[in-house]
Structure formats: C-alpha cells, structure tokens
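Here are a few friendly notes to go with the structure, set out point by point. Please keep the view open while you read.

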Amino acid sequence: MERYAHREACVVVARGAWDMDSITPLADALRSAAREHPKVILDASGVTFADSTFLNLLILTHQAVTLRVVAPSPQVRRLCRITGVDGLLHLRATVEDALAG
C-alpha cells in the first residue's frame, strides 16, 4: 500500500482484496492519514474485491475526516451503488478532482 502527501491531503492507494482478514493495514493507513491531514483521498482503482468490512471502514473514515474515493474500481463502485453508500461518499475520477471538491 502506498501513502503520500499531496497539497493539503493525504493520498492512500489501496490495491488488492479487502475483507475482515486483510483490512487492518488499510484501516491503520486511513486512521494515520486522518490524524495528520484535513482531507484523505483513497485511490481505489486497484481494489479487486471489497466487502462490508471495507465499506464500513470508508463510512467511519468519512465520519472522521473529509474523505474522497478516487477512481473506484468496478467492484467498489458496484458495492457503493447496491448499498446506497454512493449517495454518502464522495466518488471522484482523479486525485485532482478530489482536491478540487
């Protein structure tokens, strides 16, 4: 997992599958980013699988800090759509779009 500062935000790049057994490193990265930056951007373009554990983490992060989800993979986009979370989370096409709004 990659993590870097970009302007006033922290970008966390998530790749691979995220479920109850694998979520801890991503949760730690998002918590750390939220402590250090007013805006957190999750690049979800490389997420190949995500379940309710991943979705719950996004919601908790959204409640704690300004969160933008960038370039969500088809799996993430579908999960957000079928659960209705796409109306809560801010999905953006690029990191620059996420920084703008």
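1. Let us begin with alanine 71, which sits in the loop between strand S4 (66-70) and helix H3 (74-83). Keep in mind throughout that this is a predicted model. The phi of alanine 71 is near 45°, a positive value in a residue other than glycine. That deserves a look, because most residues other than glycine have a negative phi. Alanine 71 counts as partly exposed, because its relative accessibility is 27%.

2. A second positive phi belongs with the hairpin of S1 and S2, where 2 residues lie between the strands. Arginine 7 is found in the loop between S1 and S2, and its phi is near 50°, again in a residue other than glycine. Is arginine 7 buried or exposed? With a relative accessibility of 56%, arginine 7 counts as exposed.

3. Now for the strands on either side of that turn. Strand S1 (residues 2-6) and strand S2 (residues 9-18) run antiparallel and are joined by 5 bridges. If you would like one pair to check by eye, take tyrosine 4, whose bridge partner in S2 is valine 11.

4. Histidine 37 is another loop residue worth a visit, placed between helix H1 (24-36) and strand S3 (39-50). Why does histidine 37 count as buried? Its relative accessibility is 17%, and the cut-off for buried is under 20%. Which residues is histidine 37 in contact with, leaving aside its neighbours within four places in sequence? They are Ala5, Glu8, Ala9, Cys10 and Val65. Among these, Ala5 can be found within the range of S1, residues 2-6, while Ala9 and Cys10 fall within that of S2, residues 9-18.

5. Last comes the packing of two helices. The axes of H1 and helix H2 (residues 52-64) come within 11 Å and cross at roughly 10°. H1 and H2 therefore count as roughly parallel to each other, since angles under 35 degrees are classed that way. On the H1 side the contact involves Leu26, Ala27 and Leu30, which meet Phe54, Leu57 and Thr61 in H2. The residues of this contact divide into 5 nonpolar, 1 polar and no charged.

6. For a quick second pass, I would compare the two loop residues with positive phi: alanine 71, partly exposed at 27% relative accessibility, and arginine 7, exposed at 56%. Then return to histidine 37, buried at 17%, and trace its contacts to Glu8 and Val65, two of those listed above.

Methods. Residues are numbered from 1 along each chain as its sequence is written. This is a predicted model: local features need pLDDT of at least 70, side-chain atom pairs count only at pLDDT 80 or more; totals for chains, interfaces and linings use all residues. Side-chain values use heavy atoms; hydrogens and water are left out. Two strands pair if DSSP finds at least two bridges between them. Helices (H or I, at least four residues) and strands (E, at least two) are DSSP runs, numbered from the N terminus. Buried means under 20% relative accessible area, exposed over 50%, partly exposed in between (1.4 Å probe, protein chains only). Contact means heavy atoms within 4.5 Å. Axes are lines fitted to C-alpha atoms, for helices over the stretch in contact, and angles run from 0 to 180 degrees between N-to-C directions. Angles under 35 degrees count as roughly parallel, over 145 as roughly antiparallel, 65 to 115 as roughly perpendicular and the rest as oblique. Ala, Val, Leu, Ile, Met, Phe, Trp, Tyr, Cys and Pro count as nonpolar, Asp, Glu, Lys and Arg as charged, and the others, Gly among them, as polar.
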